There are 2 protein chains.
Amino acid sequence: MPKGKVSRASPQRGEFALIKSLRVRYGSEDSGLIRGIGEDAAVIKTPTPDWLVLTTDLLAEGVHFDLATTAIEDVGYRAAVANLSDIASMGARPRYLFVALAIPPAIDVEEIQRFYRGLMQACRPFEVHLAGGDTSASIRDLFISITLTGTVEEKRALRRDGARPGDWLYVTGTLGDSRAGLMILTQARQQSARPVSRPRRRAVDRFLLQRHHRPTARVDEGRWLATTGLATAAIDLSDGLAGDVRHLCTQSRVGAELDRAALPISRSCTMFARRRALDPADLALTGGEDYELLFTVRPSDRARLERQATRMRYHCTCVGQIKPASFGVQIRAADGSLRPLVTESYEHFRTAT
Amino acid sequence: MPKGKVSRASPQRGEFALIKSLRVRYGSEDSGLIRGIGEDAAVIKTPTPDWLVLTTDLLAEGVHFDLATTAIEDVGYRAAVANLSDIASMGARPRYLFVALAIPPAIDVEEIQRFYRGLMQACRPFEVHLAGGDTSASIRDLFISITLTGTVEEKRALRRDGARPGDWLYVTGTLGDSRAGLMILTQARQQSARPVSRPRRRAVDRFLLQRHHRPTARVDEGRWLATTGLATAAIDLSDGLAGDVRHLCTQSRVGAELDRAALPISRSCTMFARRRALDPADLALTGGEDYELLFTVRPSDRARLERQATRMRYHCTCVGQIKPASFGVQIRAADGSLRPLVTESYEHFRTAT
């Protein structure tokens, strides 16, 4: 799921409470629905070896994206990646895309074409087909609704609730780059003059902006984890590691210990953080929209996972271990001390208080 | 598809042009996609006797609904019916519902619960299950994205492009009630004082408001037409008969002759129109959101259709006949004269001109 950039609140409130109340009230008893509300995507049983996976997202201008700092092609690209990532986190193969737009008068057809261009660029590596949608007017803001279907082999779908104490916690790629890119954008917008920029600094910024505008959906990695059965649980990092590890732990009814020193952080992100006197690990923990996969692996499968990842050139890093629920979610600092993990996650919808 | 109440433009422009350009550019060559962009819903081939049907809609506050005149329960009800109707127009059985909302600060959780209540009330007769979705913030307006899946027996799906010259044109239910209900709402809003109202007039208004707020999705009729193979083509009336008969004719590459005197109009709608010195047939032709089915029947099947409809108590009325494309779309007046049908249809998205 995408995250709100504007509205932040404590987790377990607002959205999560609403979703929970809906699950209780309207939750399906239907035997064809393997997984529904609360997961990244729904899994629908079909009388075939493959199950249908479906995810839907609604993106609001001014909340999920800002056309003042982001080219509309990149809005399309990121919208596609957010949904591809939901499908990846289920270990499914993405198939058909449906796009509904509510378009304000200020946006013309040429811009909409550019939006679709970015969207389809993100989809192309995975042979996803645009299969339908809806186009309507909006009074002020652009709203984008994306529905993406996928298929996954029966009973192979990755899930959030399978982690067990002792399992190792892994993430793909590097963390915090997207957040750093967003900070660069926000600063550039606040400063009227362009910052004085040395060539090396420009390269760092370019990398981080690229990671923000054009993140990678880990579809191949998800397929690998699903088909090999190596992952006991998985979730995609849309809200940030600190928030998403908690979601995974809550649904698996376990705790976790993260290792601060082990978090995979790119050289650019480290340089950026140093420049701002920030701890890069904080960016890695709280930065949303990395769209990396967080997954758990049985202790007995760890060597096989590492071996296969190396051979396939999938960048996977062990960042901690699953603990019993009573342990909670804690993080080990560089000095070896353990502290409860403070969740600073994104929240979409805030109840009036 | 729902229609924009605010933006109107000539058809074949704006939305239709945009959809067409997208179909050309990104249209699927995928053999698993039986029908895609341009239909009410996509049909996806699965290796089972059933095909998957999927429709998605995006509704914008101030464009597709107005919370000043419509209770939020009814917004939910109508949003569900619009999508159920898309599934019905394919002859499919609706199955799973996905709802994404972008919620402005002015709307609280209790109102969202009421929205869902209306939504699920419309779904209940059809055993549709709420299977997932997304909730996020919106700065000003409420946006609702609905995705509904359905299933239909292989090759039985109703389509828009199967009408042939000589086929009879039928509609379910009565036409124009929803538009009349909308006019009552709009007037009530414009008048500061309540209109002086006689009991009989109040009953008329109540009926028309009910038809506007709680239209009927013709799912059972769609299933009947699909399973019996009686309909050569079908479309649901969301834009209004005049606009939708044109869509059906364009996709079937045929013309049509409508019979003005044959249009099924409720007694309430006739009384309402008389009160306003309007021709009820104009309401029936141009009123959107009736969500009735318009379908075509081979001449040889006409008697069978009428017989079955009577037995099943499905209200179906013959309103004209399919003609060759060169005939265009014309309407026969009460005096027997034929005139080209003026399309006054709803258009969602207007290109800047």
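# A tour of chains A and B

Start by selecting Ser85(B) in this predicted model. Neighbours within four places in sequence aside, Ser85(B) makes contact with Ala217(B), Asp236(B) and Tyr291(B). Display those three residues together with Ser85(B). The serine belongs to helix α2 of chain B, which covers residues 72-88. Ser85(B) has a relative accessible area of 0% and is therefore buried.

**The sheet of chain B**

Next, select the strands of the open sheet in chain B. There are 7 of them, in the order β8-β10-β7-β11-β9-β12-β13, and the pairing is mixed. Go to the two edges, β8 (231-236) and β13 (338-340) of chain B: each has a single partner strand, so one side of each has no neighbour in the sheet. On average, neighbouring strands of this sheet are turned by 30° against each other, direction ignored.

Now select β7 (residues 168-172) and β11 (residues 316-323) of chain B, an antiparallel pair with 5 bridges. To see one bridge, pick Thr172(B), whose partner in β11(B) is Cys316(B). Then add helix α6 of chain B, residues 219-228, which packs on the sheet. Helix α6 touches β7, β8, β10 (293-297) and β11 of chain B, and its direction makes about 20° with that of β10(B).

Helix α7 of chain B, residues 241-252, is the next selection. It lies across β7, β8, β9 (255-259), β10, β11 and β12 (329-332) of chain B, and runs at about 135° to β8(B).

Turn to β9(B). Of its 5 residues, 4 are buried, so the strand is largely enclosed by the rest of the structure. With β11(B), strand β9(B) runs antiparallel and is joined by 4 bridges. With β12(B), strand β9(B) runs parallel, again joined by 4 bridges. Which residues stand opposite Leu258(B) in β11(B) and in β12(B)? In β11(B) the residue is Gly320(B), and in β12(B) it is Ile331(B). As background to these pairings, strands of a sheet pair through backbone hydrogen bonds, either parallel or antiparallel.

**Side chains in chain B**

Select Trp168(B) and Arg302(B). The arginine lies over the face of Trp168(B), 4.2 Å from the ring centre. A further pair to show is Lys323(B) with Phe327(B): the lysine lies over the face of the phenylalanine, at 5.6 Å from the ring centre.

Move on to helix α9 of chain B (residues 280-286), which contains Thr286(B). The side chain of Thr286(B) reaches the backbone oxygen of Asp282(B) at 2.8 Å. Is Thr286(B) buried or exposed? Its relative accessibility is 11%, below the 20% cut-off, so Thr286(B) counts as buried.

**Aromatic pairs in both chains**

Over all chains, the count of aromatic pairs is 7. For one of them, select Phe115(A) and Tyr116(A): the ring centres are 5.6 Å apart and the planes stand at 85°, so the pair is edge-to-face. Both Phe115(A) and Tyr116(A) are buried. Now select Phe115(B) and Tyr116(B), which form an edge-to-face pair at 5.6 Å centre to centre, with 85° between the planes. Phe115(B) is buried at a relative accessible area of 1%, and Tyr116(B), at 3% relative accessibility, is buried as well.

**Chain A**

Finish by displaying chain A as a whole. Its secondary structure consists of 10 helices and 13 strands, and 61% of its 353 residues are buried. Taking the contacts in chain A between residues at least 6 apart in sequence, 84% join residues at least 24 apart.

Select the open sheet of chain A: 7 strands with mixed pairing, ordered β8-β10-β7-β11-β9-β12-β13. At its edges are β8 (231-236) and β13 (338-340) of chain A; each has a single partner strand, so one side of each is left without a neighbour in the sheet. From one strand to the next, the twist averages 30°.

Within this sheet, pick β9 (residues 255-259) and β11 (residues 316-323) of chain A, which pair antiparallel over 4 bridges. Ala256(A) stands opposite Ile322(A) in β11(A). The last selection is helix α10 of chain A, residues 302-312, which packs on the sheet. Helix α10 touches β7 (168-172), β10 (293-297) and β11 of chain A, and its direction makes about 15° with that of β7(A).

Terms used. Residues numbered from 1 in each chain as written. Chains lettered and ligands numbered in written order. Predicted model: local features only at pLDDT ≥ 70, side-chain atom pairs only at ≥ 80, totals over all residues. Heavy atoms only, no water. Phe/Tyr/Trp six-rings, centres within 6.5 Å; stacked < 30°, edge-to-face > 60°. Buried < 20%, exposed > 50% of the residue type's maximum accessible area, 1.4 Å probe, protein only. Lys NZ or Arg CZ within 6 Å of the ring centre and 35° of its normal. Polar contact = N/O pair within 3.5 Å; in protein donor to acceptor, adjacent residues only side chain to side chain. Pairing = 2+ DSSP bridges. Axes fitted to C-alpha atoms, helices over the stretch in contact; angles between N-to-C directions. Contact = heavy atoms within 4.5 Å.
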